[in-house]
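Here are my notes for you to read beside the model. Please keep the structure open and find each residue as you go.

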Amino acid sequence: MTYYDVVVVGAGGAGLRAAIEASLDPTIRVAVVSKVYPTRSHTGAAQGGINAALGNVVPDDSPDAHAFDTIKGSDFLADQEAVFFMCENAPEIIYELDRWGVPFSRLPDGRIAQRPFGGASFPRTVFSADRTGHVILHTLFEQALARENIHFYNEYFLLDIIHDGNRVKGVALYDIKNGEVVNLRAKAVILATGGFARIYWKRSTNAIGNTGDGVAAALRAGLSLKDMEFIQFHPTGLAKTGILLSEACRGEGGYLLNALGERFMQRYAPEKMELAPRDMVSRAIEYEIREGRGVGEGTSAYVYLDLRHLGEEKIKE
Ligand SMILES: Cc1cc2nc3c(=O)[nH]c(=O)nc-3n(C[C@H](O)[C@H](O)[C@H](O)COP(=O)(O)OP(=O)(O)OC[C@H]3O[C@@H](n4cnc5c(N)ncnc54)[C@H](O)[C@@H]3O)c2cc1C
């Protein structure tokens with residue numbers, strides 16, 4: 001049996017950042033477990049960007065405005081303390097990622113660029129062209145690899161959390177390559193196993209591996225799960241495959257059109273239009289289709305995301 005102080009299950013953005021934090025004390029032994037090779041974690045699929053009130057484009061932006069937009073966008077259902085914590089800390093996290101080597105896109109004067117995104121009252125989204133998650137994931141992996149007290153278990157699948165009914169004792173893993181069961185003992189286990197929207201089999205922007213086995217292990221260990229109903233539906237993807245068409249398409253000025261060629265968001269969110277919060281845009285698309293204004297038939301119907309007016313150069317950029 002191998003002993004660790006902290007076992008982190010998950011090597012996406014959340015797991016790697018947690019592992020780095022735990023490893024800051026060099027006497028702490030940390031293990032990171034991932035069923036896929038870390039750089040294949042789903043964080044790498046995030047394209048559009050990450051919100052932080054840097055105020056680089058409009059100086060009036062602030063963590064309070066970010067918190068207001070987030071709470072309003074959640075229809076006041078969000079945990080407000082968590083929202084304030086996130087919004088107050090977001091700028092420093094961006095500068096930390098920048099120092100660690102994330103190649104954020106820049107303004108002409110060299111400061112980090114920001115673009116408009118849904119539900120935000122200022123251009124607040126920090127990005128790295130259209131591969132923000134990819135570069136964040138790779139940078140965090142590099143940083144974690146550089147720390148001697150972090151040990152990786154790549155392509156090991158969490159089978160179960162080991163506990164004595166009161167306290168966690170470790171994890172039982174399946175070594176996918178060798179077909180063996182391996183137990184790790186740990187004083188603390190952090191679960192960062194990501195989302196699970198692959199349970200929606202018909203259309204999903206999630207990777208095939210996002211199946212929820214991490215939360216299932218927590219449930220089997222008797223832990224309670226919170227807010228399970230809050231699954232995000234991203235409004236735009238390719239009609240047949242569900243492959244994401246980044247929110248940047250609308251952030252940079254794309255139009256949503258129904259079969260009649262109408263910019264139908266006028267009906268649902270006349271001020272914010274295509275940049276209304278994602279749940280509103282998703283619902284609006286669904287209403288249009290159900291009212292018979294979608295393109296195509298039945299459950300395969302869709303609407304258009306029109307970028308033609310942006311011009312070839314802008315789209316390529
Ligand atoms: C297509 C797409 C685009 C997105 N775009 C954006 C965006 O522009 N901006 C934004 O802020 N957010 C975006 N998101 C959301 C964002 O990507 C996720 O919220 C975030 O990456 C989740 O990070 P994570 O570390 O929690 O999970 P993940 O990156 O999914 O990592 C989960 C980790 O857990 C491991 N794991 C899971 N189960 C097990 C198991 N049983 N045993 C062992 N290991 C396990 C996996 O191997 C993986 O390493 C997007 C999401 C998608 C799907």
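1. **A positive phi after α2.** Start at D75, just after helix α2. Its phi is positive, about 55°. Keep in mind that this is a predicted model.

2. **Two more positive phi values.** A129 has a phi near 45°. That is a positive value in a residue other than glycine. Look for A129 in the loop between β5 (125–126) and α4. D227 is another residue other than glycine with a positive phi, near 55°. D227 sits in the loop between α5 (213–220) and α6 (248–251).

3. **How open are those two loop residues?** A129 has a relative accessible area of 23%, so A129 is partly exposed. D227 has a relative accessibility of 43%, so D227 also counts as partly exposed.

4. **The buried side of α2.** Which residues of helix α2 (residues 63–73) are buried? They are A65, H66, A67, D69 and I71. Their cover includes β3 (50–51) and α3 (80–100). A general point helps when you read such a list. An α-helix has 3.6 residues a turn, so residues three or four places apart point the same way.

5. **H66 in detail.** H66 belongs to helix α2. Is H66 buried or exposed? Its relative accessible area is 3%, and the cut-off for buried is under 20%, so H66 is buried. Leave out residues up to four places away in sequence, and H66 touches N51, A52, A53, D61, M86, C87 and R124. Now compare chain and space for one pair. H66 and A90 are 24 residues apart along the chain. Their C-alpha atoms are separated by 9.7 Å.

6. **α2 against α3.** The axes of these two helices come within 9 Å and cross at roughly 140°. Because of that angle, α2 is oblique to α3. The crossing is right-handed. On the α2 side, the contact uses P63, D64, H66, A67, T70 and I71. On the α3 side, it uses Q80, V83, F84, M86, C87 and E88. Sorted by class, this contact has seven nonpolar, three polar and two charged residues.

7. **α1 against α4.** The second helix pair is α1 (residues 13–22) and α4 (residues 132–145). Their axes come within 9 Å and cross at roughly 30°. Angles under 35 degrees count as roughly parallel, so α1 is roughly parallel to α4. Which hand does the crossing of α1 and α4 have? It is left-handed. From α1, the contact takes G13, L16, R17 and I20. From α4, it takes L137, L140, F141, Q143 and A144. This contact divides into six nonpolar, two polar and one charged residue.

8. **Cysteines.** How many disulfides does a search of the whole structure find? The search finds zero. For background, a disulfide is a covalent bond between the sulfur atoms of two cysteines. C87 is buried, with a relative accessible area of 0%. You met C87 above, among the α3 residues that meet α2. C249 is buried too, with a relative accessible area of 18%.

9. **V36, a loop residue.** V36 is in the loop between β2 (30–34) and β3. Its relative accessibility is 23%, so V36 counts as partly exposed. V36 touches S41 and E155, with residues up to four places away in sequence not counted. V36 and Y156 are 120 residues apart along the chain, yet their C-alpha atoms are separated by 7.6 Å.

10. **M273, a buried loop residue.** M273 lies in the loop between α7 (265–268) and α8 (278–290). Its relative accessible area is 11%, so M273 is buried. What does M273 contact, leaving aside its neighbours within four places in sequence? The partners are R263, M265 and Q266. M273 and Y255 are 18 residues apart along the chain. Their C-alpha atoms are separated by 8.8 Å.

Terms used:
Residues numbered from 1 in each chain as written. Predicted model: local features only at pLDDT ≥ 70, side-chain atom pairs only at ≥ 80, totals over all residues. Heavy atoms only, no water. Axes fitted to C-alpha atoms, helices over the stretch in contact; angles between N-to-C directions. Helix = DSSP H or I, 4+ residues; strand = E, 2+ residues; numbered from the N terminus. Parallel < 35°, antiparallel > 145°, perpendicular 65-115°, else oblique. Left-handed = near helix turned anticlockwise from the far one by under 90°. Contact = heavy atoms within 4.5 Å. Nonpolar A, V, L, I, M, F, W, Y, C, P; charged D, E, K, R; others polar. Disulfide = S-S within 2.5 Å. Buried < 20%, exposed > 50% of the residue type's maximum accessible area, 1.4 Å probe, protein only.
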